[in-house]
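Colleague: I should be grateful for a close look at one part of this model, namely a single strand and the partners on either side of it. Please then set that part in the context of the whole chain.

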Amino acid sequence: MEDNFTEGECLAAAEEFLQRNGIGEMKCVWKYSDGQSVRFNFAYTQDGVTVYPDLVKINDCKATCEETGMEASSYYKNHVERTLGKAKHTLGEAAEKVNVKLDVTEEGVAIIPAGNGKERLAYEFVGTYNGSTYYVYIDANTLKEADIFKVVVTNEGTLLL
């Protein structure tokens, strides 16, 4: 099967699909392509905060630019309008806790899963170190590292571990 559509065109189609199905205020936070299809992870956003527990995954065929799958159980189980509260610490204070060797290219505010159905407010830092991309989360209230993920490129595609 031949690719007739770009990832950008597929992303626009997936965003339109979400809107048509009543799932709004989403942003693409990850994409993975296996050549014939592209999979997009969308997270809900509220007041500029990325809410990772409310995740929707959409598969798009690159030959037809049509949605071939959707996984939204996390979104439907977790989605509510949240009271975000005020962080005890600033983004600048959290940035000081990130390893200085990480060349930060993006930063923002996120709600991340904390286990047992709980969530935490965190600052998200995306950057590179030693040729690899990392996602680092610093708790907005304790300034402790809450999570870290490494982007790994394999023969199967790009994964977040």
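Modeller: A suitable place to begin is one residue pair: threonine 50 has alanine 110, in β5, as its bridge partner. The model is a predicted one, and what follows should be read accordingly.

The pair belongs to the contact between strand β3, residues 49–61, and strand β5, residues 103–115, which pair in the parallel sense over two bridges. Two bridges are also what the pairing criterion requires, since strands count as paired if DSSP finds at least two bridges between them.

β5 is also joined to strand β6, residues 118–129, by 11 bridges, and these two strands run antiparallel. Within this pairing, glycine 108 of the model stands opposite glutamate 124 in β6. β5 and β6 form a hairpin, with two residues between the strands. In that turn, asparagine 116 has a positive phi of about 55 degrees. Strand β5 thus takes part in a parallel pairing with β3 and in an antiparallel one with β6.

As for the chain that holds this part, it has three helices and nine strands. Read from the N terminus, its elements follow the order α-β-β-β-β-α-α-β-β-β-β-β. The radius of gyration is 17 Å, close to the 15 Å that the globule rule gives for 161 residues, so the chain is as compact as a globular protein of that length. The C-alpha trace spans about 50 × 40 × 25 Å along its principal axes.

Of the 161 residues, 39% are buried. The accessible surface amounts to about 9,500 Å², and carbon and sulfur atoms account for 47% of it. Taking the contacts between residues at least 6 apart in sequence, 46% join residues at least 24 apart. With regard to charge, the chain carries 16 positive and 26 negative charges, whose mean positions lie 9 Å apart.

A residue outside the hairpin may complete the picture. Phenylalanine 149 is found in strand β8, residues 145–154. Phenylalanine 149 counts as partly exposed because its relative accessibility is 27%, and that class lies between the limits of 20% and 50%. Beyond its neighbours within four places in sequence, phenylalanine 149 is in contact with Thr133, Tyr134, Tyr135, Tyr137, Leu160 and Leu161. For the last of these, leucine 161, the separation from phenylalanine 149 is 12 residues in sequence and 5.3 Å in space, C-alpha to C-alpha.

Notes:
Residues numbered from 1 in each chain as written. Predicted model: local features only at pLDDT ≥ 70, side-chain atom pairs only at ≥ 80, totals over all residues. Heavy atoms only, no water. Helix = DSSP H or I, 4+ residues; strand = E, 2+ residues; numbered from the N terminus. Rg over C-alpha atoms; globule rule 2.2 N^0.38 Å. Buried < 20%, exposed > 50% of the residue type's maximum accessible area, 1.4 Å probe, protein only. Contact = heavy atoms within 4.5 Å. Areas by Shrake-Rupley, 256 points an atom, 1.4 Å probe, with all protein chains shown as cover. Lys, Arg positive; Asp, Glu negative; His and termini not counted. Charge placed at Lys NZ, Arg CZ, Asp CG, Glu CD.
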